[in-house]
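Dear colleague,

Please find below the structure that I am handing over to you, together with its sequence. My notes on what was found in it follow directly after.

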Amino acid sequence: MSVVTSSLADVASSEAALRAFLHGLPGVDRVGADQRAAMLGTRSIKTTAKARAIDLAISMV
């Protein structure tokens, strides 16, 4: 839990500090993420929400 309690200023102080912080984070549960994505894929989502999600995904790339 000490990784999470690092202050934002400490983490942003240098690239090395940011790398250390990011490497200290727990990994992604691949199976859980895949299950969640599959579940979301079966849900009906309104057209406006789909458009916003696509715009957001494109802006992140």
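The term pLDDT denotes the predictor's confidence in each residue, on a scale from 0 to 100. The model is a predicted one, and the protein averages a pLDDT of 82, with 90% of the residues scoring at least 70. Among the elements, the lowest mean pLDDT, 81, belongs to helix H1 (residues 8-11), while helix H4 (residues 47-60) has the highest, 88. As a general caution, predicted coordinates should not be read in detail where pLDDT is low.

Overall architecture

The protein contains 4 helices and 0 strands, and its pattern along the sequence is α-α-α-α. The C-alpha trace spans about 40 × 25 × 20 Å along the principal axes of the protein. For a compact globule of 61 residues one would expect a radius of gyration near 10 Å, whereas the protein has 17 Å.

The figures for burial and surface are as follows. Of the 61 residues, 2% are buried. The protein exposes about 5600 Å², and carbon and sulfur atoms supply 64% of that area.

Helix H4

Helix H4 comprises 14 residues, which at 1.5 Å a residue should span 20 Å; the C-alpha atoms at its ends are 20 Å apart, so the expected span and the model agree. Helix H4 is also hardly covered, since the count of buried residues among its 14 residues is 0.

Leu18 and the nonpolar patch

Leu18 is located in helix H2, which runs over residues 15-24. Is Leu18 buried, partly exposed or exposed? Its relative accessible area is 39%. Buried requires a value under 20% and exposed a value over 50%; Leu18 therefore counts as partly exposed.

Leu18 also contributes to a feature of the surface. Together with Leu22 and Leu25, Leu18 makes a nonpolar surface patch of about 240 Å². Membership of such a patch calls for a relative accessible area over 30%, and the 39% of Leu18 is the value to set beside that cut-off.

One further distance may help you to orient yourself in the model. Leu18 and Asp29 are 11 residues apart along the chain, and their C-alpha atoms are separated by 22 Å.

In viewing the structure, you may wish to begin with helix H4, the element with the highest mean pLDDT, and then to turn to the patch made by Leu18, Leu22 and Leu25.

With kind regards

Terms used. Residues numbered from 1 in each chain as written. Predicted model: local features only at pLDDT ≥ 70, side-chain atom pairs only at ≥ 80, totals over all residues. Heavy atoms only, no water. Patch = residues over 30% accessible without salt bridge, like charges linked within 9 Å, V, L, I, M, F, W, Y side chains within 5 Å. Areas by Shrake-Rupley, 256 points an atom, 1.4 Å probe, with all protein chains shown as cover. Salt bridge = Lys/Arg side-chain N within 4 Å of Asp/Glu carboxyl O. Helix = DSSP H or I, 4+ residues; strand = E, 2+ residues; numbered from the N terminus. Buried < 20%, exposed > 50% of the residue type's maximum accessible area, 1.4 Å probe, protein only. Expected span 1.5 Å × (residues − 1). Rg over C-alpha atoms; globule rule 2.2 N^0.38 Å.
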